[in-house]
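Here are some notes on the backbone and one sheet of this structure, set out as numbered points.

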Amino acid sequence: MSTNYEAVIGLEVHAQLLTRTKMFCGCSIAYGAPPNTQVCPVCLGLPGALPVPNRQAIELAMRAALSLGCTVRTFSRFARKNYFYPDLAKGYQISQFELPLNEHGHLEITTSTGTKTAGITRIHVEEDAAKNLHGIGAGTDTLVDFNRAGTALIEIVGEPDLRSSEEAEQYLKALRDVLMFAGVNDGNLEEGSFRCDANVSIRPVGSETFGTRVEIKNINSFRFVRKAIDFELARQEALVSAGGKVVMETRTWSDPQGQTLSMRSKEQAHDYRYFADPDLPPLVIDAPWLARIAGTLPEALPARRARWQAALGLTAYDASVLTSHPAIAAWFEETVAATAKLTGKSDAELGKKVANFVQAEVLRETTTSGLEAQFPVPSDRVAGLLALVEDGTINGKIAKDVFADMVKTGKSAKQIVDGKGLAQVTDTAAIEAVVRGVVQANLKEVEKYRAGKTSVKGFFVGQIMKATRGTANAAIVNELLDKVLGEA
Ligand SMILES: [Zn+2]
């Protein structure tokens, strides 16, 4: 965008709550189950069926709110959002409108230009719609799968505080991290359990009023959020610069076409005619309930990163990589604790070393899916390997080879080190014999060294390490090499 205009962006995120059952009935949540097998009269919207709120969903929504600095209202209401669509059998969605469960939160984001705090207007609880499946079966038919109908969601409505597509992307990532670490959502964009709509407008720099906004629906990847917003900002600027006007409308991102496309304009916009749902009493959260939920919250992400930097000597980069997923963060802490137990050394002494090893070796072999992660080797086994480095049995270079072997064979570090004779040699007499052998075999190089070409020493160290398969203690090698080369 040119410097004449400023972007104004606010995101609305729908996050599926990690409940076992749906928001207002006992049907189970099973992604990928055969169509229309997880249904009952309530989520099919049959006449006379009555909804009962899911306590676990309410508590997860409270966790989300507390993790994002929101105020949890002691009194909130469910409301009916009325519209017609084939995926909404009741003719209305149960949501919250005037009195949402949570309000006034914030989220800290970091971009290439620094950190900023973005406001969160509200977080309300609602149910998901069913899923329309187009063009399957007899060619052009649309079929409806009600398995998703009634799934518990929260909608997190952000303030229009974001000023670039980069900020929007970072906001989305930070929000996903917070919800995953709070155990509220699995952060799975591909399966649609975390989805984003973006409200985008532009205004002349210095203007205090907002321009006409366009809503971009259903952006299902971090990459697309950036591309869709950048396209939309450029489209609006071109329009306004040419003397035109932005029309209030809903658009969708088409990645194959690389552009946003109009879905419906303001004239076709819904009037949802919200009203309080007469089937559901007001939701009342008392202080002891709220305190109990607050007491179960895990350490907040920024606090955990700061603690690791201060107590374990990690860099900000290390801390962010190791908190990229809740399972990775937990696994790293387990490894530090297990290594400390085996070596008797403190977390502060070991933290940075463990962090380096995990980042360089372990994460390459680690995969994540939702809240689960698959590690190549259990944390206590990696601790066993790092303990061998700490007590001088092997050096760091050999540790990498041993780790690769552990991944391949499933053996413990000790089994591999013993089996292959990889333990570090600190026997001075044995090393001295190798040093003398190498020096004798390379007399020409010795002459060069004595003539002042000291860089030849590296050549000797390499030869000695080769002869000992890397097991010779490096400090002893250097000391003995100096002694032998120094002899007349
Ligand atoms: Zn049901």
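1. How many other C-beta atoms lie within 10 Å of R469? The model is a predicted one, and in it R469 has 13 other C-beta atoms within 10 Å. A residue counts as exposed at 12 or fewer and as buried at 20 or more, so R469 is partly exposed.

2. R469 sits in the loop between α14 (456-467) and α15 (474-486). Its phi is positive, at about 50°, and R469 is not a glycine. Most residues other than glycine have a negative phi.

3. H104 also has a positive phi without being a glycine; the value is about 60°. Whereas R469 is in a loop, H104 belongs to a strand, β6, which covers residues 102-111.

4. Is H104 buried or exposed? The count for H104 is 15 other C-beta atoms within 10 Å. Since partly exposed is the class between 12 or fewer and 20 or more, H104 is therefore partly exposed.

5. Turning to the sheet: β5, β4 and β15 make up an open sheet of 3 strands, in the order β5-β4-β15, with antiparallel pairing. Its edge strands are β5 (92-95) and β15 (275-276), each of which pairs on one side only.

6. Which residue of β15 is the bridge partner of A79? The partner is A276. Strand β4 spans residues 79-82, and 2 bridges join β4 to β15 in an antiparallel arrangement.

Notes
Residues numbered from 1 in each chain as written. Predicted model: local features only at pLDDT ≥ 70, side-chain atom pairs only at ≥ 80, totals over all residues. Pairing = 2+ DSSP bridges. Helix = DSSP H or I, 4+ residues; strand = E, 2+ residues; numbered from the N terminus.
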